[in-house]
Amino acid sequence: MFADSQILEFPKILALLRPYAETDLGKKTVLSLTPSADPLEVNHLLEEVLEAKGMIERYDSAPMTGVLDLSEAFQRARVGSTLSIEELQRVVSLVVAVSENQRFIRKIRQLEIPCSVLAGYFDDLVPLPHLKTEIDRCIDPKGTVYDDASEELSQIRGKIRINQKRITDRMESLLRSEAAKLTDTIITLRNNRLVLPVKAEYKNAFKGIIHDQSASRETVFIEPQSCVEWNSELQNLTFSEEAAIERILAKLTAIVQENHTLLSADFAILTGLDVIFAKAKYAIATHSVKPEITEDEILLVNARHPLIPAETVVANTIRFRDYRTIIITGPNTGGKTVALKTLGLLSLMVQSGLLIPVDEWSKTIVFSHVFADIGDEQSIEQSLSTFSSHISKIVTIFDRLEDRSLVLLDELGVGTDPKEGASLAIAILEALRHRDVFAMVTTHYPELKVYAFDKDDVVNASVEFDIDTLRPTYHLQIGTPGTSNALEIATRLGLSPEIVAHAKTVSLSFDDATADIIRKLERQSLELQREIEEHRQAKIRLQEQNEAMEATLADTRLAQNKAFAEMEKAKVALLESAREEAQALIRELDELKKSASFKEHELARLKFDVKNLGSQTLDLQKVNSRKVRAGDIVTVLPYQKTGTVVKTLPDGKFEVQMGILTAKFDESQLDFVKTDVPEPLKGQVKFTRTTEAKMDLDLRGCRFEEAMGMLDKFVDDCLMNNLEFACVIHGYGTGALRKGVQDYIKKNKAIKSSRPGGMNEGGSGVTILYFK
């Protein structure tokens, strides 16, 4: 793919991207990025960066610390050269980085962050812990080879320490005995041998070998004769030490060479990931997004030139629909050239796998080539162009032109006679129209405006100019041709009104009708642009409201979670309090059992208290304030059951029938439901199981032993729920169940009294129990 990268300033984008890479090779790779013309490859590159961007925003960037450039080291190891200690430590750093990146992708998966595109790179990393272990065993973090890296080195260093001690002891002895002959009481080093600083006048009296003298010639550095042999042996041991270290490094290099393929692959993967995450970090910093890659639609919504500061750049929407050529007209310094460069530069960025500063719903295509002929006295590069250089460039473009190319031409046909220049410009545009290419050109020729109106696949565009301030707004308006506004500007600058009026009567290349049409279209375009901007602002407001609602929802959930946590704490405290209360009740029960005055109803009360530990007493309030009278259906509040008021009693109470039971209640205990005529009760009563306390028990059909067990449990339940009375249905039968119930009543001291059922309560087949 050919691209005019220099003209479009793409290298400047790469220079801005470079600091976001963390590895040495990653920084170099970033500077050599080139655009691709393969749509599948481009889309994959963009998906990689988009996924990396999500990882950074939701968790962190892939760890690249320690991934140092090992290209030369791997090459040297491959050909058999011994690696240095520093290079081996870099290999260890690479192995560590592999492990850290494997931990990173595991964390990404645990957090359920999308990683389907990049996961393959991380999964292809091969950890080599044995290589790190072996290098770490031999070399410490400061780069020193350990004594026990080999048995040979251990023995040599042992001899070196013994020899050094001999020499040091002898030297220190001479320092004391020959102090008068010395200029200083120190042991120093000359020519890699230990020496003493001797006064020059004693050099012949001090036995030894002279290795050096001071600049003043007052001191000579002499190796004592008694230490010469030991120093020589020390030097030989030092050479042996270096040879032993070299053999250790060669052994470690051989291990690196054995794993050369895997290490190179890991290094390449991490470098590639570094470039991807550098692109993602740049995208975050520049608020860039991934445009949709399409076959034939370009819609860059609110595109910003990435080299213009964010606080001053003007966003413009660039769109190609049914038209393939956009002709931009308007005054100088109005932003026409910036519009060209924005389209070209963003296209190169996309095709190099970079997200671009546009709005989310943007779309673009992948161009086969990107050509640009941009350069005049007000271009960004400040380069000057002549007519001949422009034509030479256009000739080169046509020689290389292929389908789906992007052609950007600034001031087409400039630099020659206006009539001939306009004719040549139209001819060039016609040639481009008959090729499957996209083109954006700028011009001052009014003939090109008419040309654009005449062609369905060509559209006019302009950059807006504020007449009131005499300043350009830099807003690109597609669909409206630009005007120079020269006469309006001249008037505001004070040119004679007579001259301006005369100028308006002069017809150049437009007639009045054409000029009127253009002005009308411009007004319509401005109105449409304002409507679009209003809709855009409304959408932004809706989005802000949605974000505010989401933030409120998040705060609500946070408060809810906090409330749940506080409730849990309160629940734990309540349970602890209930546990203490239960212990107290148990102790009270034990005391009661020892007491002679132990009563069944007190046992029932304790059972009830234990069952309701921690529960709150319900203060049930009447819902309906209507007065109760006979015939009303009411809710009996203490029992939360529905009954019918049978009659009003003289003492102001009411007799209420609940099923087969009849009881007396104050009006405060009754809540009006509705007025109804009670249905006559049938002789048989059906027992219904509920989760609340039962007021009747049906023993019919049960064996005697089973019935007595049910009765005992039923009475306990009634006592624990503080029921005043209850109904036991035993039927007639043989009378065995009725007798068993009567015997049970006599033995249970918690039952105050009993009676047979009334005519409407089941007769003698039912026994009504009253509790103390």
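User: How much area does the protein expose, and what share of it do carbon and sulfur atoms supply?
Analyst: Happy to start there! This is a predicted model, where local features need pLDDT of at least 70, side-chain atom pairs count only at pLDDT 80 or more, and totals for chains, interfaces and linings use all residues. Residues are numbered from 1 along each chain as its sequence is written, and side-chain values use heavy atoms, leaving out hydrogens and water. With accessible areas taken from the Shrake-Rupley method with a 1.4 Å probe, the protein exposes about 42300 Å², and carbon and sulfur atoms supply 52% of it.

User: How many helices and strands does the protein have?
Analyst: Helices (H or I, at least four residues) and strands (E, at least two) are DSSP runs, numbered from the N terminus. On that basis, the protein has 20 helices and 23 strands.

User: Are the residues of strand β11 buried or exposed?
Analyst: Buried means under 20% relative accessible area and exposed over 50%, with partly exposed in between (1.4 Å probe, protein chains only). In a regular strand the side chains alternate between the two faces of the sheet. In β11 (residues 406-409), L406 and L408 lie on one side and V407 and L409 on the other, and all are buried.

User: Which residue of β12 is the bridge partner of L408?
Analyst: Two strands pair if DSSP finds at least two bridges between them. β11 and β12 (residues 438-443) run parallel, joined by 4 bridges. In β12, the partner of L408 is M440.
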